[in-house]
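Thanks for making the time this morning. Please have the sequence and the model open while I talk, since I will refer to residues by name and number.

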Amino acid sequence: MRKVLFLDACVRPESRTRRLGQHILSRLEGQVETLDLASLGLEPLSLPRLRRRDALIAAGRYDDPMFRLARQYREADELVIAAPCWDMSFPAVLKLYFESVMVLGLTFSYTAEGLPMGLCQARRLLYAVTAGGSLEGQNLGFEYVRTLTRTYHGIREAHCFSADNLDVIGVDPEAVLARACAEIDRVLSV
């Protein structure tokens, strides 16, 4: 059975972005594993954590609990991310998550020429984002995630589903969300 990993980077309980992410999930087949990133207690890679990680990698101890999220990420067949646009990017918890799954020898490696090579199973990334204002030409969060996952994890196919201008006076946010859901249905029905 296909493993779908849902990375929920939404903080608000009534998140419109999570609604889009859930709509994506409703169109997919497979076993869904949901990670509420805000509840994981993720920490940045401080010097002691970096030293510990490097020592574990050098010893080939990829079964250590420190790499639990990286092992789960590596085994996913499909990746779904729900991340609202915050400050032209995404909530910091998503960056902390990617720091925790960037594990040399587990999720990526390097070729003899020094180029990154993905070691992950996933071949498709589906990204849901909402914004109070316009995302036109400024969807930096998706661009970062798409570039990182393609370059380091080998995820070649990426789709972004967005609903923006949701807080603009005169805009019907439910109509904008409905159009985004229709786009999800169109792309994922193929």
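I will go through some strands first, then the aromatic pairs, and finish with one histidine. Please keep in mind throughout that this is a predicted model.

Let me begin with strand S1, residues 3-8, which is mostly covered, with 5 of its 6 residues buried. S1 pairs with strand S2, residues 31-36, in the parallel sense, and 6 bridges are found between these two strands. If you want one position to look at in that pairing, take Leu7, which stands opposite Leu35 in S2. To get from S1 to S2 the chain passes through helix H1, residues 16-26, and the resulting β-α-β crossover is right-handed.

S1 also pairs with strand S3, residues 78-82; the two run parallel and are joined by 5 bridges. Here Leu7 comes up again, because its bridge partner in S3 is Ile81, while Asp8 has Ala82 as its bridge partner in S3.

How many residues of S3 are buried? The count is 5 of the 5, so S3 is largely enclosed by the rest of the structure. As a general point, side chains in a regular strand alternate between the two faces of the sheet. In S3, Glu78, Val80 and Ala82 point one way, whereas Leu79 and Ile81 point the other way, and all of them are buried. I would draw your attention to Glu78 in that list, as a glutamate that is buried.

From S3 we can move on to strand S6, which runs parallel to S3 and is joined to it by 4 bridges. Ile81, which we met as the bridge partner of Leu7, stands opposite Tyr127 in S6.

That tyrosine leads into the aromatic residues, where a search of the whole structure finds 8 aromatic pairs. In one of them, the ring centres of Phe108 and Tyr152 are 5.2 Å apart and the planes are at 90 degrees, so this pair is edge-to-face. Phe108 belongs to strand S4, residues 108-110, and Tyr152 to helix H5, so the pair ties together parts that are 44 residues apart in sequence. The two partners can be set side by side: Phe108 is buried, with a relative accessible area of 7%, and Tyr152 is partly exposed, with a relative accessible area of 24%.

Another pair brings Tyr127 back, and this time its partner is Phe142: the ring centres are 5.4 Å apart and the planes are at 55 degrees, so the pair is tilted. Since Tyr127 lies in S6, residues 124-130, and Phe142 in H5, this pair ties together parts that are 15 residues apart in sequence. Tyr127 is buried at a relative accessible area of 0%, and Phe142 is buried at 5%. There is also an aromatic cluster, formed by Tyr73, Tyr97 and Phe98.

The last residue I want to show is His153, which lies in helix H5, residues 140-153. Is His153 buried or exposed? Its relative accessibility is 0%, and it therefore counts as buried. Its side chain makes a polar contact of 2.8 Å with the side chain of Tyr73, which is one of the residues in the aromatic cluster. Leaving out residues up to four places away in sequence, His153 touches a list of residues including Tyr73, Phe98, Val101, Met102, Cys120 and Arg123.

How values were computed. Residues numbered from 1 in each chain as written. Predicted model: local features only at pLDDT ≥ 70, side-chain atom pairs only at ≥ 80, totals over all residues. Heavy atoms only, no water. Buried < 20%, exposed > 50% of the residue type's maximum accessible area, 1.4 Å probe, protein only. Pairing = 2+ DSSP bridges. Right-handed = clockwise from strand over helix to strand, strands pointing away. Polar contact = N/O pair within 3.5 Å; in protein donor to acceptor, adjacent residues only side chain to side chain. Contact = heavy atoms within 4.5 Å. Phe/Tyr/Trp six-rings, centres within 6.5 Å; stacked < 30°, edge-to-face > 60°.
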